[in-house]
Amino acid sequence: MRVKFHLPGLRYNYPLNMTLLSMLKTYPEFFRPGLEIASFFGEFPTSKWNGGRFSNGDQCDAGFIQNVIRSINEQGVPIRYTYTNPLLNRSDLDDPYCNFCMKAADNGMNEVLVVSPVLEEYIRKTYPSYKINSSTCKEIRDIDGLNEELEKDYALVVLDYNLNNQFELLEKIVHKERCEILVNACCVPNCSRRGDHYKQIAKQQNVVLTNRKMPPDKQIPVPGWYCEHGDKNTFYSIQDYCTFVSPDDIWEKYAPMGFENFKIEGRTANIFGLIDKYAHYLMTAERRDEGRLLLTLNLEKSKVITVNRPRKGTWP
């Protein structure tokens with residue numbers, strides 16, 4: 001039985017993810033059976049085509065981008081760009097930064113997650129070696145519509161999180177092996193603002209990129225976003241949601257049904273929270289605490305996590 005996880009982050013979580021990969025190979029006894037790391041997803045911020053998470057103004061240099069792609073691919077793991085900006089138009093397709101990122105990973109191994117038909121058409125024509133995946137941002141909740149999506153030329157289709165744990169509906173999916181389940185969605189079930197939030201992230205991102213070209217006195221404020229649920233959704237509070245998928249359910253229900261692909265969200269999550277999520281989903285219950293500690297200590301040893309010591313003093 002294969003259980004493939006898609007993990008967040010190409011920029012901020014890159015050191016954590018590489019440490020996790022090393023630990024998986026060195027200490028496989030800490031991890032659940034049949035586990036595979038199937039991709040690392042995200043963007044190299046700030047990308048105009050990016051969607052789903054907002055990175056405020058950071059941007060990577062060419063050497064970093066090339067090194068990350070090479071290092072991940074050398075471990076046999078694809079990168080997956082989350083190019084799910086829902087507000088793109090044709091004038092955005094010639095963006096030099098996004099096209100550089102695409103060219104840097106254009107080796108037949110990597111993937112792109114899309115929602116915009118305009119961008120999808122462009123990528124299929126310009127970068128045909130990429131596997132194309134259909135995003136959960138499309139919010140397809142009808143099973144007939146989902147099966148139609150699965151008949152299209154997509155490597156994977158990420159399900160709307162509201163379908164999670166609705167097993168009578170999930171049984172009606174034809175190509176379960178090409179579905180991806182978002183296991184830890186932080187949105188409240190049936191959130192009516194989810195689509196608007198994606199659009200607001202695209203607007204925020206566009207303002208940041210526009211401001212980069214402007215003098216300080218000409219820059220415009222980045223529009224805010226407030227969600228009445230957002231500050232209440234810790235990893236532990238969302239476990240009460242009907243959309244939460246537990247690791248036991250993955251191995252005992254979803255995988256036996258034929259689902260193979262599972263996604264942990266957290267591209268902009270706090271590193272300690274993400275360590276907790278990785279331990280929760282990827283490690284066995286018996287070795288989880290020890291594995292979490294080992295992962296954290298390895299991150300400290302490699303100076304990804306820095307523990308400050310008290311300053312030396314004098315007496316008297």
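These are some informal notes on the predicted model above, point by point.

1. Ground rules. Because the model is predicted, local features are reported only at pLDDT of at least 70 and side-chain atom pairs only at pLDDT 80 or more, while totals for chains, interfaces and linings use all residues. Numbering starts from 1 along each chain as its sequence is written, and side-chain values use heavy atoms, with hydrogens and water left out.

2. Overall build. The chain has 10 helices and 8 strands; these are DSSP runs numbered from the N terminus, with H or I over at least four residues for a helix and E over at least two for a strand. Its radius of gyration is 20 Å, close to the 20 Å from the globule rule for 316 residues, so the chain is as compact as a globular protein of that length. Here the radius is taken over C-alpha atoms, and the rule is 2.2 Å times the number of residues to the power 0.38. Along the principal axes, the C-alpha trace spans about 70 × 55 × 45 Å.

3. Burial and surface. Of the 316 residues, 51% are buried (buried is under 20% relative accessible area, exposed is over 50%, partly exposed is in between, with a 1.4 Å probe and protein chains only). The chain exposes about 15300 Å², and carbon and sulfur atoms supply 51% of that area. Those areas come from the Shrake-Rupley method with a 1.4 Å probe, and for residues only the protein chains shown count as cover.

4. Contacts and charges. Take the contacts between residues at least 6 apart in sequence: 73% of them join residues at least 24 apart (contact means heavy atoms within 4.5 Å). As for charge, there are 40 positive and 40 negative ones, and their mean positions are 6 Å apart. Lys and Arg count as positive and Asp and Glu as negative, with His and the chain ends not counted; each charge is placed at NZ of Lys, CZ of Arg, CG of Asp or CD of Glu.

5. Strands β3 and β4. Strand β3 (residues 79-83) runs parallel to β4, joined by 4 bridges (strands pair if DSSP finds at least two bridges between them). R80 sits opposite E111 in β4. In a regular strand the side chains alternate between the two faces of the sheet. Strand β4 (residues 111-114) is covered on both faces, with E111 and L113 buried on one side and V112 and V114 buried on the other.

6. Strands β6, β7 and β8. β7 is parallel to β6 over 2 bridges and parallel to β8 (residues 261-263) over 3 bridges. On the β6 side, V158 stands opposite E180; on the β8 side, I181 stands opposite F262. Within β7 (residues 179-182), C179 and I181 point one way and E180 and L182 the other, and all are buried.

7. The β2 to α2 loop. This loop lies between β2 (35-42) and α2 (62-74), and S47 is found in it. T46 is there too, and the P45–T46 peptide bond is cis, with omega about -10 degrees. S47 counts as buried because its relative accessibility is 0%. Outside its neighbours within four places in sequence, S47 is in contact with Y83, Y97, C98, Q205 and L209.

8. F30 and its partners. F30 belongs to the loop between α1 (14-26) and β2 and is buried, at 3% relative accessible area. Not counting residues up to four places away in sequence, F30 touches M23, M283, T284, R287, E290, G291 and L294. The C-alpha atoms of F30 and D289 are separated by 9.8 Å, although the two residues are 259 apart along the chain.

9. The β6 to α6 loop. N162 lies in the loop between β6 (156-158) and α6 (167-170). With a relative accessible area of 7%, N162 is buried; leaving aside neighbours within four places in sequence, its contacts are R141, P189, N190 and T243. N165 is in that loop as well, and at 22% relative accessibility it counts as partly exposed. Phi of N165 is near 70 degrees, a positive value in a residue other than glycine.

10. One more positive phi. E139, another residue that is not glycine, has a positive phi near 55 degrees. E139 is placed in the loop between β5 (131-134) and α5 (143-150), and its relative accessibility of 32% makes it partly exposed.
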